[in-house]
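Student: I would like to understand how the strand assignments in this model are justified. Could we go through the criteria one after another?

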Amino acid sequence: MKTKDIVLKELEKNRANYISGQELAEKLNISRTAIWKAINTLKESGFQIESQTKLGYKLLEKDDKLSEEGIRKGLREELKDIDIIVYDEIDSTNTEAKRRLYSSDVKDFTVIVSDMQKGGRGRTGKSFASPKGSGVYFSIILHPKDFYDFSYFDLTTVKAAVAVVEGIKEATGKVAQIKWVNDLFINGRKICGILSELDADFESRSVKSVIVGIGINVNEPKDDSFKDLKDIAGYIGTDVIRNEILSSILNAFYENNYEKKDKEIIEYYKTHSLVIGKDLTFELNGKKYTAKGVDINDKGNLIVDTGEKRITLSSGEVSIKGDFYKKG
C-alpha cells in the first residue's frame, strides 16, 4: 500500500477530527516529511484536508471524494478484505470488469468504482449518463459457487435492485421504487440503472462469473449533463457522502446474495414496485401488447395480464413502458 493510502486510511478513521503529523508518523512508522508529502499528494488528488499548526491534519466531514479507504470503512466484517478498485474516470466499470476477468484472476465480490464513466452502458445498448462528482458508478464481480440456472438471470438484477433500495434508505432515509427489472425512481425520476451480465460458456451452459453494474445519480450534476434528460433523470439529493451510500449498498448486496431467502427479497421488491397494478405496454415477438402488471415470480420474471391471458416476461426478451415519470 502506498504511503498516501496509509495516511488516508488514518484520516478516514479520524474523519472531521485533527490528528497531528507527529502522531501519524509514530503510528505509521514513517517520517514527518513523508507524511507531509502524502498529505500534499492527497490534496492534489482532490481530498479536502485541512492543515492547522499545532493541531495537525483532518479530512473534512463534507469531503465527498470516492476512495477505497472511505468505502471499506463502512463495510460489514465479511467484506473487509474484498478487492476495491477506484478510478477517477473510466469508460465503463462493467467493461473494466470484463477486461480484468479475461486478463487475470479476480476475487469473488471484487468491486470496481468510478467517479465518472465516459461510456456508461445500460440495457438494450442504451448509454447511461455518468457525470463527474455527482454519482457513483460501480460493478460487482461474483463467482457463483453452485450451478447458475440461466432462467433465474432476472433474479440477479432483482436482488441488486433491492440492495440499492435498502442501501439508499439505510444511508439517507430516502425511499426508492423499482421499475421492473432494473431502474430505480425517486419522485418520478430515474435515479439508478442496473446492468447485469454473465461471463459464461453458453454451449456448456456454465457461468464463470456474474457482473452486476450499478449507476446511481446521488446529487444534481454541476455541469449540464442532464440538460436533455431533465424530464427523465433525477437524483437522490442528500448530504450523505457517496462512500457511505456505497458501503450501505454493498452490505445489503451481500445480505441478499448470501443470507436472505429469495422469497423475502422478491416480496420486498414487489412492495417497492412501480409496475404491479399499473397499465403497461410492450412488444413481444413482433406483436404489441397492452397489459397490467400483476406479479413477480420466483425467477424475477414479470407476470402481466392482457385481459385475455397472463404472460410471463423475462428482461432478455422485452422492455416495458408505462406512466412512470412525474409530469412537470
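Tutor: This is a predicted model, in which local features need pLDDT of at least 70, side-chain atom pairs count only at pLDDT 80 or more, and totals for chains, interfaces and linings use all residues. Residues are numbered from 1 along each chain as its sequence is written, and side-chain values use heavy atoms, with hydrogens and water left out.

Student: What makes β10 and β11 paired strands?

Tutor: A strand is a DSSP run of E with at least two residues, numbered from the N terminus, and two strands pair if DSSP finds at least two bridges between them. Strand β10 covers residues 279-284 and β11 residues 287-296, and six bridges join them in the antiparallel sense, so the pairing criterion is met. One of the bridge partners is K288 in β11, which belongs to E283, and in the hairpin, with two residues between the strands, N285 takes a positive phi near 55°.

Student: How do you know that β12 pairs with β11?

Tutor: Four bridges link β11 to β12 (residues 302-305), again antiparallel, and therefore the criterion of at least two bridges is satisfied. D295 has I303 in β12 as its bridge partner, while G300, in the hairpin with five residues between these strands, has a positive phi near 85°.

Student: Why are β13 and β14 called edge strands?

Tutor: The open sheet has five strands in the order β13-β12-β11-β10-β14, with antiparallel pairing. β13 (310-313) and β14 (321-322) each have a single partner strand, so one side of each is left without a neighbour in the sheet. For β14, two bridges to β10 are found, which means that the pairing criterion is reached, and T281 stands opposite K321 in β14.
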